[in-house]
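Subject: Structure handover

Hello,

Here is the structure I promised to pass on. Please open it and keep it beside this email while you read.

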Amino acid sequence: MEEDLIKRLEAAVTRLEGISSNGGGVVSVSRGGDFSIDDDVASSDPSILAYDDLISQCVGRALTAAEKIGGVVLDVTKVVAEAFASQKELLVRIKQTQPDLAGLAGFLKPLNDVTMKANAMTEGKRSDFFNHLKAASDSLSALAWIAFTGKDCGMSMPIAHVEESWQMAEFYNNKVLVEYRNKDADHVEWAKALKELYVPGLRDYVKSQYPLGPVWNASGKPATATAPAKGPPGAPAPPPAPLFSSESSKPSSSSNQKQGMSAVFQQLSSGAVTSGLRKVTDDMKTKNRTDRSGAVSAIEKETRASKPAFSKTGPPKMELQMGRKWAVENQIGKKDLVISECDSKQSVYIFGCKDSVLQIQGKVNNITIDKCTKMGVVFTDVVAAFEIVNCNNVEVQCQGSAPTVSVDNTTGCQLYLNKDSLETAITTAKSSEINVMVPGATPDGDWVEHALPQQYNHVFTEGKFETTPVSHSGA
């Protein structure tokens with residue numbers, strides 16, 4: 001034992017002498033030792049120290065709030081803390097490692113594993129804290145900023161990536177704020193702490209330290225040869241693949257359907273359809289048949305009850321048609337739908353979707369949600385209008401501006417407006433349970449909920465009816 005220790009110390013002295021003769025530098029000591037010179041030097045780097053401050057302040061605040069709540073909220077917050085600790089390990093490694101795009105995926109795998117651990121907590125039977133779990137899990141995609149390798153890598157710039165990733169998580173974080181704002185201050189504090197961890201926390205850190213992405217060590221070791229020095233995983237996910245893939249589907253056959261229906265009506269009017277039918281005789285009628293009765297059997301009742309509430313739907317579709325219209329149809333249970341390449345001349349039509357979330361990044365001309373159930377839409381800017389028609393339980397978040405929002409024949413609509421969209425004109429018809437959330441008076445204030453009237457008083461006065469909305473106690 002003593003001989004091994006002496007040998008390791010002699011090796012360390014030799015390396016130190018090498019550093020001195022070469023004018024300094026970061027040199028690794030054998031991994032068989034209990035310490036590493038390059039780890040110590042990298043850990044004292046100002047960018048690493050700034051990251052330590054981020055963890056101790058922002059992550060610490062989220063953990064403190066989670067400890068008061070306990071349960072799965074504390075568990076998922078610990079995973080978030082583990083992910084940030086892993087990224088610190090990666091930042092240290094990057095200062096010792098030369099860039100290697102071929103080995104980057106393996107180098108970044110450990111943090112991806114932590115992210116998958118958080119994702120797994122959102123699967124299965126929904127708990128009462130699903131919004132907490134989803135907010136924390138989705139927020140971890142912001143840590144992938146560290147995988148940025150250049151403008152052609154398929155990612156946004158690091159600062160923009162952090163902001164965009166948080167916007168997706170904020171959809172669920174806002175739901176926590178709304179649900180607990182008057183019920184439990186600990187949950188409200190947790191949601192605020194989670195937001196400040198990323199915006200401004202992580203965003204400002206990246207802006208000040210790595211606005212153009214991580215800086216690798218050109219004379220360091222290859223990424224594939226580097227292993228985390230400590231127990232927790234230490235790498236983020238590889239550059240993310242597209243969050244959705246356009247699913248092939250058959251071209252629209254609406255014109256063919258119209259032709260087919262026209263032919264049917266033409267046949268009906270001509271009488272050709274009924275010409276070949278058999279005549280029903282008296283013995284064929286149900287009232288005269290001994291093998292049939294008017295009672296409905298229990299088996300028949302059960303068969304009818306077991307039929308699905310929704311009729312047949314077409315194949316899932318998410319594609320740009322004729323360069324002008326994004327069609328998002330029949331998406332069931334998809335929480336990560338994203339349209340990122342769009343412009344102000346294009347429209348978005350969402351039809352027949354259920355239990356899904358769509359994020360629209362960029363300005364579009366018009367957005368329509370039609371016959372959707374439990375659908376969430378997060379969008380930036382709309383030139384003309386945002387329309388909600390024939391829907392049940394939809395949630396919409398506007399992050400930019402929208403001149404008009406129209407709600408028609410819809411039950412249950414939660415609309416989130418930001419400070420730039422408070423002048424939006426909202427039109428409702430034959431709709432109920434319409435609630436609008438607006439920011440508080442201060443940047444740190446709670447969201448304020450306003451229930452739009454769905455009942456009206458009509459009074460005949462001076463030769464005409466005067467209509468006034470019935471006020472809501474929650475407004």
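Of the contacts in the protein with a separation of 6 or more, what percentage comes from residues 24 or more positions apart? The figure is 44%. Keep in mind that this is a predicted model.

**The whole protein**

The protein has 475 residues, and 39% of them are buried. It holds 10 helices and 16 strands. Its accessible surface comes to about 26400 Å². Carbon and sulfur atoms account for 53% of that surface.

**S165**

Start with S165. You will find S165 in helix 7, which covers residues 158-180. Is S165 buried or exposed? Its relative accessibility is 7%, so S165 counts as buried. The cut-off for buried is under 20%.

What does S165 touch, once neighbours within four places in sequence are left aside? The contacts are D138, S141 and A142. Now look at L140 as well. L140 and S165 are 25 residues apart in sequence. In space, their C-alpha atoms are 8.0 Å apart.

**The second largest pocket**

Helix 7 turns up again here. The second largest pocket contains about 930 Å³ of space. Three elements each give two or more residues to its lining: helix 7, helix 8 (185-209) and strand 9 (392-398). Which of the elements gives the most to this lining? Helix 7 does, with seven residues.

In total, 29 residues line the second largest pocket. Those nearest its centre are E170, K195, N418, P443 and W447. Try selecting these five in your viewer. The lining is mixed by class: 10 residues are nonpolar, nine are polar and 10 are charged.

**N330**

Last stop: N330. Where does N330 lie? It is in the loop between strand 4 (325-329) and strand 5 (337-339). N330 has a relative accessible area of 10%. That value is under 20%, so N330 is buried.

The side chain of N330 has two backbone oxygens to look for. One belongs to G314, and it lies 3.2 Å from a polar atom of the N330 side chain. The other belongs to P315, which the N330 side chain reaches at 3.3 Å.

**Where to look again**

Go back to two places in the viewer. See S165 in helix 7, with D138, S141 and A142 in contact. Then see N330 in its loop, with the backbone oxygens of G314 and P315.

Best wishes

Definitions and conventions: Residues are numbered from 1 along each chain as its sequence is written. This is a predicted model: local features need pLDDT of at least 70, side-chain atom pairs count only at pLDDT 80 or more; totals for chains, interfaces and linings use all residues. Side-chain values use heavy atoms; hydrogens and water are left out. Helices (H or I, at least four residues) and strands (E, at least two) are DSSP runs, numbered from the N terminus. Buried means under 20% relative accessible area, exposed over 50%, partly exposed in between (1.4 Å probe, protein chains only). Contact means heavy atoms within 4.5 Å. On a 1 Å grid over the protein atoms alone, a cavity is a set of points where a 1.4 Å probe fits but cannot get out, and a pocket is an open set with protein on both sides within 12 Å along at least five of seven lines; lining residues have an atom within 4 Å of a point. Grid points are joined across faces, edges and corners, and a volume is the space filled by probe spheres set on the points. Ala, Val, Leu, Ile, Met, Phe, Trp, Tyr, Cys and Pro count as nonpolar, Asp, Glu, Lys and Arg as charged, and the others, Gly among them, as polar. A polar contact is a pair of N or O atoms within 3.5 Å; within protein, one must be able to donate a hydrogen and the other to accept it, and residues adjacent in sequence count only if both atoms are side-chain atoms. Accessible areas come from the Shrake-Rupley method with a 1.4 Å probe; for residues, only the protein chains shown count as cover.
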